[in-house]
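Trainee: Could you walk me through reading a ligand site and an aromatic pair?
Mentor: Sure, pull up the structure and we'll go through them.

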Amino acid sequence: MLLDAEATDEIGLPLVRGPFTTLDQARSAIEAARSGPAPTSTLADRIAAMPQASKARGRAKDTADGKSGTARGRRDEAPAPTRAPRPPRIELRDFQAGDGSALRALWADAGLEPERGDDQSLEAFAKRNPGLLVVATADGEIVSSALAGWDGRRGQIYEVATARAHRRNGFATRLVRRLEGRLRALGCANVNVTLPDDDDAARKFWAALGYEPSAARELGKAL
Ligand SMILES: CC(C)(COP(=O)(O)OP(=O)(O)OC[C@H]1O[C@@H](n2cnc3c(N)ncnc32)[C@H](O)[C@@H]1OP(=O)(O)O)[C@@H](O)C(=O)NCCC(=O)NCCS
């Protein structure tokens with residue numbers, strides 16, 4: 001049954017309207033629409049033929065909205081499907097020469113003050129501990145870091161930080177797990193991390209990863 005005389009919908013696609021009595025009838029109507037001449041939308045003609053009053057209403061609202069008449073015409077159509085924002089491209093990778101300034105900015109924002117965070121020290125540390133300086137990037141920007149050292153007896157993890165906007169997304173967990181795997185492969189059986197007493201969030205983070213308070217008190221001396 002044909003409901004009206006239009007051959008296309010608003011965006012110019014062939015219009016096939018049922019109901020059809022049999023499936024074969026529906027198929028042949030679709031086939032006819034597909035194989036017929038290229039359809040052309042009549043939307044512009046129909047807008048031009050709209051009664052003046054309804055066009056004026058549209059223009060008045062557009063002026064109030066600060067929108068153009070053309071934009072209003074578009075808004076009268078079915079709303080465009082909203083596209084979900086594209087998730088960032090995440091990469092976990094090893095430290096590279098040139099990462100220094102992004103890392104220092106990340107650490108400063110996270111309240112960390114590494115003793116040897118200059119480019120030369122970072123590159124020397126990476127050379128002594130290959131594969132044990134890892135970062136996570138989101139769309140190419142460094143958003144999380146974790147460093148480890150292995151002296152042949154114990155492993156030590158340093159500078160675990162995640163940019164504020166990317167926290168609670170598992171970045172630090174993935175980097176620490178990667179370091180643990182690499183330390184284990186080197187023969188490291190125990191790993192330590194030092195954290196300030198009063199940092200509740202950091203304590204909860206390490207507890208979530210299975211790190212327990214150690215009975216040993218840490219002492220230090222400047223050489
Ligand atoms: C601690 C820190 C590195 C965590 O980074 P992150 O990428 O957000 O951590 P994750 O998303 O991998 O968190 C894993 C789990 O740790 C726990 N956790 C992490 N941050 C937490 C917080 N602020 N409060 C409570 N629990 C927390 C949660 O159990 C979390 O799992 P969930 O999100 O499924 O609940 C980050 O908050 C940070 O950079 N802090 C400032 C620097 C710092 O303190 N570093 C540690 C130095 S010792």
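What follows is a short dialogue on the ligand site and the aromatic pairs.

Mentor: Ground rules: this is a predicted model, where local features need pLDDT of at least 70 and side-chain atom pairs count only at pLDDT 80 or more, while totals for chains, interfaces and linings use all residues. Residues are numbered from 1 along each chain as its sequence is written, and side-chain values use heavy atoms, with hydrogens and water left out.

Trainee: How many residues surround the ligand, and which are the closest?
Mentor: A residue is near a molecule if one of its heavy atoms lies within 4 Å of it. Here 21 residues surround the ligand, and the closest are Val160, Thr162, Arg168, Gly170 and Thr173.

Trainee: And which polar atoms lie 3.4 Å from a ligand oxygen?
Mentor: A polar contact is a pair of N or O atoms within 3.5 Å. An N or O atom in the Asp199 side chain sits 3.4 Å from an oxygen atom of the ligand. On the backbone side, a polar atom of Ala172 is 3.1 Å from a ligand oxygen, and an N or O atom of Asn169 is 3.2 Å from one.

Trainee: Which elements give two or more residues to the shell?
Mentor: Helices (H or I, at least four residues) and strands (E, at least two) are DSSP runs, numbered from the N terminus. The elements are β4 (155-162), α7 (171-185) and α8 (200-208); α8 gives the most, with six residues.

Trainee: What does Asp199 do at α8?
Mentor: Asp199 caps the N-terminal end of α8, with a side-chain oxygen 3.3 Å from the backbone nitrogen of Ala201. Just after α8, Gly210 takes a positive phi of about 90°.

Trainee: How many aromatic pairs are there?
Mentor: A pair of aromatic rings is described by the distance of the centres and the angle of the planes. Rings of Phe, Tyr and Trp (its six-membered ring) pair if their centres lie within 6.5 Å; planes under 30 degrees apart count as stacked, over 60 as edge-to-face and the rest as tilted. The whole structure has three aromatic pairs. Phe125 and Tyr158 form an edge-to-face one, 6.0 Å centre to centre with 85° between the planes. That pair links distant parts of the chain, 33 residues apart: Phe125 is in helix α6 (residues 119-128) and Tyr158 in strand β4.

How values were computed: A polar contact is a pair of N or O atoms within 3.5 Å; within protein, one must be able to donate a hydrogen and the other to accept it, and residues adjacent in sequence count only if both atoms are side-chain atoms.
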